[in-house]
Amino acid sequence: MQFRVDEAHEKFREEIRAFAEKEIKPYAFQWDRENKFPREMITKLGQKGWLGLPFPKEYGGAGMDIMSYAIAIEELARCDGGCGTIVSAHISLGSWPIYAFGTEEQKKKYLVPLAKGEKLAAFGLTEPNAGSDAGGTETTAVLEGDHYVLNGEKIFITNGGEADTYVIFAVTTPGIGTRGISAFIVESGWEGFTIGDHYDKLGIRSSATAQLLFEDVIVPKENLLGKEGQGFKIAMETLDGGRVGVAGQALGIAQGAYESCMAYAKDRVQFGKPIAFQEAISFKIADMATNIRAARMLVYSAAEMKDQHIPQGMEAAMAKQFASDTALHVAQEAVQIYGGNGYLKGMDVERFYRDAKITQIYEGTNEIMRVVISAHILGKPPKKETPILASSSTSNVTGPRKKIVMKKGTAQEKVDALVENLKADGYDFTVGIPADTPIGEAERVVSAGKGIGSKDNMKLIEDLAAAAGAAIGSSRPVAETLQYVPIERYVGMSGQKFRGNLYIACGISGAIQHLKGIIDASTIVAINKNANAPIFKNCDYGIVGDVNEILPLLTKALDTGKKKPAPPMKKIKRPTPKKEKPPYKIMVCDGCGYEYDPMKGDPAADIPPGTTFERLPEDWTCPDCAEPKSNFQEA
């Protein structure tokens, strides 16, 4: 490392900086304010070949090195953090695993248009119960003949809703933790693949971040990326390399904030001279420059190691952690140097400050980066005799629920079954409360989500609330964005908390922020046309169907005429659901009745916890009576 890049890299920096100054900087404030994805700018990047920077020319790429890629991300983020994010996610996360692990056919079909900039890529790993711990993945892919059937959801997906090609991770072998995860190439537009919530973020607002929903999506067998069970390895290796991109983003944000505040400090005069020459400010500028240089050395060093095919997991983690910490600190100091002006919308340092924070969080939080770094230094910790098998499902956001979801039968049959269950649970629909009862005081709430469609359909919600004797609530988008109800009526983690008995969610998909607002509900009812909506994993009763068809029938079934005033609320006890069957087999010895439990393994025979019966060595015998493996039956 020469502590500076060579002339060719600097020439490339000048070229991409000129592009960013012309095509990004003038529009960054507007994109941020409107949460607008800059499609035209991305198209221009593709036309220049910069969406395929590190990929070989034979696959449509520019044939450049990782150092050039890191510089490109840095320069884009120097003008707008969101634009750096879009390109980094496309190259490092969405396209790279196809290049590194794809077959020749997959590369020609998918990588070539991605590298040419004709299509955009995304990476789908994160789920409500699988963030830093990817072993909590619940999305499943079941092999049926010549295809897999994909079901589940992904959250916080960069380029979600804008990408054409997605690399998605799903469980193909339940019960064996990360060894059961596989990777797939999934195309937008496939039947059953829908885009859920688009997130309204603090920063990087020009980039799109969305929820992905999969309901019986048919994925051809040839779209398996790598081999079955190789998904966790693919994800971790992709993230290791991708951290160079995130570090480049952070470096660019820090550089942009530094340049902006330094120019302001030279121009702003107080006490007879520019504030840049006041000691308090000049020391800030000195510290900022020092940290940025140190971050740049770490970023470029990791990029150079990757170019030379030297393992750089620790170095990339160091670069990501230090550069992102630097970005936030520099942006914070830049706002401070601007003073009150820096706190105003429209000032680039205010935007840089918001953009910087996410670099400490995504593609591995900085806490996880320190875990990665320390693991490289210290090695593996001593073995623990703890089970590693995943349970049948991780704990639901709303706690244990009945999860009685009615998918089959006519709409009327589903409604009849729901009403019968609610009455059996003790709900009296001859009494009710006013529709405008505060959510926190309401015994019952009928809540509207985006799935109800147009504002005219709020009449369905109002009619159902009257029939159920309930107050009216909503998800956040319905109150804030669509403005169908007053803002104080939205239910969620940052809104009103519902602690009453009956919550009927109509057209609500079940984003984690909403679910956290209804944890204390005695009974949750979900009505949604998407059978794979997360709300169904968190409800007691559910109906899969169109709200336009279901709600009128449910209203009629609950309508008892004029409601009597409800007595003071008595909390209905939440029933304990039946224990779910584990996703693995417990096998019993024919000779002595010994039960082999995969959660325990067979330590005496060096069989670790987490080993399913099928994976036991063929010469393994019963530890109690030495019967062969073949003499075991499923319990």
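1. Some vocabulary to start: helices are DSSP runs of H or I with at least four residues, strands are E runs of at least two, and both are numbered from the N terminus. With that in hand, take helix H13 (residues 458-468): Lys459 and Asp463 sit four residues apart in it, which means about one helical turn separates them. An α-helix has 3.6 residues a turn, so residues three or four places apart point the same way.

2. A word on what we are looking at. This is a predicted model, in which local features need pLDDT of at least 70 and side-chain atom pairs count only at pLDDT 80 or more, while totals for chains, interfaces and linings use all residues. Residues are numbered from 1 along each chain as its sequence is written, and side-chain values use heavy atoms, with hydrogens and water left out.

3. Back to that H13 pair. Lys459 and Asp463 form a salt bridge, with the closest N and O atoms 3.0 Å apart; the term asks for a side-chain nitrogen of Lys or Arg within 4 Å of a carboxyl oxygen of Asp or Glu. Lys459 is partly exposed at 47% relative accessibility, and Asp463 is partly exposed too, at 31%. (Buried is under 20% relative accessible area, exposed is over 50%, and partly exposed is in between, using a 1.4 Å probe and protein chains only.) Elsewhere, Glu10, Arg13, Arg17, Glu74, Glu75 and Arg296 are joined into one network by salt bridges that share partners.

4. The whole structure has 30 salt bridges, and two of the long-range ones deserve a look. Asp32 and Arg354 meet through their side chains at 2.9 Å, N to O. Asp32 is in helix H2 (residues 28-34) and Arg354 in helix H10 (residues 348-358), so this salt bridge ties together parts 322 residues apart in sequence. Asp32 counts as buried at 6% relative accessibility, and Arg354 counts as buried at 11%.

5. Helix H10 turns up again in the next pair. The side chains of Asp80 and Arg351 form a salt bridge at 3.5 Å, N to O. Asp80 is in the loop between H4 and H5, Arg351 is in helix H10, and the two are 271 residues apart, so distant parts of the chain are linked. Asp80 and Arg351 are both buried.

6. Helix H4 itself is worth a click. All 14 of its 14 residues are buried, so H4 is largely enclosed by the rest of the structure. Its 14 residues should span 20 Å at 1.5 Å a residue, and the end C-alpha atoms are 21 Å apart, which agrees; the expected span is 1.5 Å times one less than the number of residues.

7. On to the voids. Three cavities reach 30 Å³ or more. A cavity here is a set of points, on a 1 Å grid over the protein atoms alone, where a 1.4 Å probe fits but cannot get out, and lining residues have an atom within 4 Å of a point. Grid points are joined across faces, edges and corners, and a volume is the space filled by probe spheres set on the points.

8. The largest cavity holds about 130 Å³. It is lined by 17 residues, of which Pro128, Glu153, Val397, Pro534 and Asn538 are closest to its centre. Strand S3 (147-158) and helix H15 (512-515) are the elements giving two or more residues to this lining, and H15 has the largest share, with three.

9. The second largest cavity comes to about 60 Å³. Among the residues lining it are Ile66, Trp96, Thr238 and Lys306. Helix H4 (66-79), helix H5 (81-101) and helix H7 (231-267) each supply at least two of the lining residues.

10. There is an open antiparallel sheet of three strands, in the order S20-S19-S21. Strand S20 (595-596) and strand S21 (632-634) are at the edges with a single partner strand each, so one side of each has no neighbour in the sheet. Strand S19 (residues 587-589) is joined to S21 by three bridges (pairing takes at least two DSSP bridges), and Met587 stands opposite Glu634 in S21.

11. Lastly, two backbone spots to check. Asp216, in strand S7 (residues 209-220), has a positive phi near 50° without being a glycine, and is partly exposed at 47%. His309 is not a glycine either, yet has a positive phi of about 60°; His309 is in the loop between helix H8 (279-307) and helix H9 (313-338) and is exposed, with a relative accessible area of 73%.

Note on methods. 1 Å grid on protein atoms, 1.4 Å probe; cavity = no way out; pocket = protein on both sides within 12 Å on 5 of 7 lines; lining within 4 Å.
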